[in-house]
Structures are given as structure tokens and as C-alpha cells.
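This report describes a pocket and a set of charged pairs in one protein model. Please examine the sequence and the structure before reading on.

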Amino acid sequence: MCSSDLACTNLSYDQRKSLADHQQNAALYYERGLYGQAIAQVDKGLELDPDDYKLKSLKGAILLRSVGTGGTQDQKRLDEATRILTEVYDERSDARHEPHVLLNYGQVLQKRGNRRIGRAIQLEGDATRQANEIGRAHV
């Protein structure tokens, strides 16, 4: 697995330099809220090293930040952010993670939990309405 370490042996010097550039550019775009450009840089870097910790965790963070309040696209982004951040989290022990990874992983789990609670409340309301309708039909 390679990260920003330019001594990584499975990539050429030029590839390692390019990877470091993509990491840096992606982080700058992310900090400025330019998520589309950040994702493009992340994806280019992941083409060089698909297991790059920094880029994978940044991609998960970008997807998490781009999730709105609902909709199919939001659910897909949340699912993808969850998959990526879980994968990144599972790669290391808690003590070896960057704090931002732990924060983003916690936030994605919280967001998924909130969505599930919202859905459960919606289903409970639907069930109550149906039970009331059935009750009125039998009276």
C-alpha cells in the first residue's frame, strides 16, 4: 500500500510524484468546497494507487459532505461513502487512524442511523394509519 511516501517501491518516481500532486490538489479543492474537482483529482490518484489511504478517506469525506436531505442520488452517495469509509476504517486499528478519518466514519454511521430512524418513524406512521383505517372499516 502506498500513501504520500515518495519512497513507495511499486510506483515509478514520476508516478509517486503524480500521486502526491493529486493528493495535494484534491485536498486543496476539498478545503475550498470544490467537490467535483476534488473527486476528479482523487480518482486520478486512485488510478495510480487504488489503496491510497489519504485519497480513499478523502473520497469518502467528499461523498459524505455532498449528501443532502434525501433522494436517490443522496442515498447512493451515502452508500458509497459508507462503503469507502468502512473499508478505510477496517484497514487499520483505531490508534493508527488519522483523526479526520475517525470523525468522518462516525459521521457517516450517524447519518445512516438518522436515515434509518426517519424511515422507521415513517413506517410506524403508515402502520398506525392503516390500523386506524382497518378499525374504522370494522365499526
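## Terms and model

A residue is called buried when its relative accessible area is under 20%, exposed when the value is over 50%, and partly exposed in between. The model discussed here is predicted.

## The largest pocket

Rolling a probe the size of a water molecule over the atoms shows where empty space is left. In this model, the largest pocket holds about 280 Å³ of space. Its lining is made up of 15 residues, and those closest to the centre are Ala 27, Lys 54, Ser 57, Leu 58 and His 100.

Three helices each supply at least two lining residues: H1 (13–31), H3 (53–65) and H5 (99–137). Helix H3 gives the most, with six residues. By chemical character, the lining divides into six nonpolar, five polar and four charged residues.

## A salt bridge within one helix

Side chains of opposite charge can pair when their charged atoms come close. The structure holds nine salt bridges. In one of them, the side chains of Lys 17 and Asp 21 meet at 3.0 Å, N to O.

Why are Asp 21 and Lys 17 separated by about one helical turn? The reason is that these residues stand four residues apart in helix H1. Asp 21 has a relative accessible area of 30%, and 30% lies between the two cut-offs, so Asp 21 is partly exposed. Lys 17, at 37%, also counts as partly exposed.

## Salt bridges between helices

Lys 56 forms a salt bridge with Glu 91, and the closest N and O atoms are 2.4 Å apart. This pair links distant parts of the chain, since Lys 56 belongs to helix H3 and Glu 91 to helix H4 (residues 72–91), 35 residues apart. Is each partner buried or partly exposed? Lys 56 counts as buried, at 5% relative accessibility, whereas Glu 91 is partly exposed, at 29%.

Another salt bridge joins the side chains of Asp 79 and Arg 112, at 2.7 Å from N to O. Because Asp 79 lies in helix H4 and Arg 112 in helix H5, the pair ties together parts that are 33 residues apart in sequence. Asp 79 is partly exposed, with a relative accessible area of 34%, while Arg 112 counts as buried, at 18%.

## A shared network

Salt bridges with partners in common join Lys 56, Glu 80, Arg 83, Glu 87 and Glu 91 into one network. Lys 56 and Glu 91, the pair linking helices H3 and H4, therefore both belong to this network.

Technical notes
Residues are numbered from 1 along each chain as its sequence is written. This is a predicted model: local features need pLDDT of at least 70, side-chain atom pairs count only at pLDDT 80 or more; totals for chains, interfaces and linings use all residues. Side-chain values use heavy atoms; hydrogens and water are left out. On a 1 Å grid over the protein atoms alone, a cavity is a set of points where a 1.4 Å probe fits but cannot get out, and a pocket is an open set with protein on both sides within 12 Å along at least five of seven lines; lining residues have an atom within 4 Å of a point. Grid points are joined across faces, edges and corners, and a volume is the space filled by probe spheres set on the points. Ala, Val, Leu, Ile, Met, Phe, Trp, Tyr, Cys and Pro count as nonpolar, Asp, Glu, Lys and Arg as charged, and the others, Gly among them, as polar. A salt bridge is a side-chain nitrogen of Lys or Arg within 4 Å of a carboxyl oxygen of Asp or Glu. Buried means under 20% relative accessible area, exposed over 50%, partly exposed in between (1.4 Å probe, protein chains only).
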